[in-house]
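Here's a quick tour of one part of a fold, written for someone who'd rather look at residues than read tables. Keep the viewer open as you go.

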Amino acid sequence: MLEAMLTAARLGEKLRREIIVDPSQMQFDPNWFGDRADFSAALLFLILPAAQAGAGGVLLQTIKNKLAEVPIIVVSEACGPVETLELLQQGAADFITPPLRVADTLPRVWRLLEQLPRRESLVQTLLERVGLKLLIGQTANFLAEVKKIPLIARCDSRVLISGETGTGKEMCARAIHYLSPRAGKPFVPVNCGAIPVELVENELFGHERGAFTGANSTKPGLIEEAEGGTLLLDEIDCLPPMAQVKLLRFLQEKEYRRLGSAKVRHADVRVIAASNTPFAEAVRTGRVRQDLYYRLNVVAIALPPLRERRGDIPALAQHFLAKYAAEFHAVVTSVSPDAMQKLTCYDWPGNVRELEHTIERAVMFCATSALDAADISLPSTQAHQPDESFQQAKAKLVEQFERDYIQRLLLSCQGNISKAAQAAHKNRRAFWELIRKHHIDVHGFKTGTPA
């Protein structure tokens, strides 16, 4: 018996149907396919003994007769080199050995789809689903940044992504890559903070044989590995100054040298930089060169921390619940109101990543159909219930805003109260009363060093 599963990608939906075919007859209902214009691509899974490998070719031919213009990718581990070559000669567009991995399969499917006449709509639909489906959230400050991604992806510009640890900077960079024309090429992420200082240049640019003691062979760098694709430099503020200088040269001229080589190499790579601290602050403190910052800062995305988008916590929690319930074969299917309140009242210093790990841990030990508050394990010093009224919370925020606003104005006006009051569109006396209210020392701003 030959089992074959044909998975067809359609605009607006994904069809999954299974056919059981008798190899001796190779006949099935031709109306099963419907209108062939509905299909964009097909994956044909062949699970059969080696002795019946020829039956796969017959089935492939039957499908090709009905879907002549649709690329078919054969997925099988039972076929040897000879059978694989025969299937390719009989019309298979590609051949993949399972298991299927998104990082390997998606670029191959994309390359086939881009050759079709409807390339624009087909590719965009497929990649938007893959690129954006994990960026979960509906709060205004989060959507304002996410909505930039499809536009940024179409333009081959450098991108700066800022956000606290765990806010999803790498996921955002991956979405930009897979929605861009570079989606068929490699996406290479590198955590600059995890590379020893003395090895940074070697990792980025590679080396020639004999470049240093122990360099017994030539090794390409990450820039070369990302050729044609996207290089994500996470925690770029951890790069040492010399590496920043060489990176600046690469960004300006698209050229670099391997360690120990006099040959200039060129690379077509889109660079995305990320940091868990604001880039302006990193420049001010000297962790990032100012000229490098200006070279990288073409488009900026600032991902808000989870505590500033609490409205997204229920959707994120349910997403992670479904993910780990399936992975652990757990019976839990929902989050109780008490548990959800506990989740939304927590400040999440580790952001979305911490929320994911919390849900994973809860699902692992939950023995009921719903997560209860007792199943949610959080640091007691961080979990809290609202203990102040709306007016109290509002007053506290207004006070902090006023103090910060006045200090910024005094700093920009070098402590000149009249100019600062004019900039704030307030009379001098009222502005002075605000200064006194918040106990701000004006003299410190006159010297450029506020107290």
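Which residue stands opposite Thr-230 in strand 10? That would be Phe-187.

## Before we start

This is a predicted model, where local features need pLDDT of at least 70, side-chain atom pairs count only at pLDDT 80 or more, and totals for chains, interfaces and linings use all residues. Residues are numbered from 1 along each chain as its sequence is written, and side-chain values use heavy atoms, with hydrogens and water left out.

## Strand 10 and its neighbours

Strand 10 covers residues 230–234 (helices, H or I of at least four residues, and strands, E of at least two, are DSSP runs numbered from the N terminus). It pairs in the parallel sense with strand 7 (residues 187–191), over five bridges (pairing takes at least two DSSP bridges between the strands). Strand 10 also pairs in the parallel sense with strand 13 (residues 270–275), again over five bridges. In that second pairing, Leu-231 sits opposite Val-271.

Five of the five residues in strand 10 are buried (under 20% relative accessible area with a 1.4 Å probe, protein chains only; exposed is over 50%, partly exposed in between). Thr-230, Leu-232 and Asp-234 point one way, while Leu-231 and Leu-233 point the other.

## A buried lysine in helix 7

Helix 7 (residues 169–178) has seven of its ten residues buried, so it is largely enclosed by the rest of the structure. One of the buried ones is Lys-169.

Lys-169 has no salt bridge (a Lys or Arg side-chain nitrogen within 4 Å of an Asp or Glu carboxyl oxygen). The nearest side chain of opposite charge (Lys and Arg count as positive, Asp and Glu as negative; His and the chain ends are not counted) is Asp-234, 5.0 Å away. A polar atom of the Lys-169 side chain does lie 3.1 Å from the backbone oxygen of Gly-163.

## The nonpolar cores

The largest nonpolar core (buried Ala, Val, Leu, Ile, Met, Phe, Trp, Tyr and Cys residues joined through side-chain atoms within 4.5 Å) has 32 residues. Leu-231, Leu-233, Ile-236 and Phe-250 have the most contacts inside it. Elements giving two or more residues to this core include strand 7, strand 10 and strand 13. Helix 10 provides the largest share, five residues.

Apart from this core lies another, of 25 residues, among them Phe-320, Tyr-346, Trp-348 and Leu-371.

Note on methods. Polar contact = N/O pair within 3.5 Å; in protein donor to acceptor, adjacent residues only side chain to side chain.
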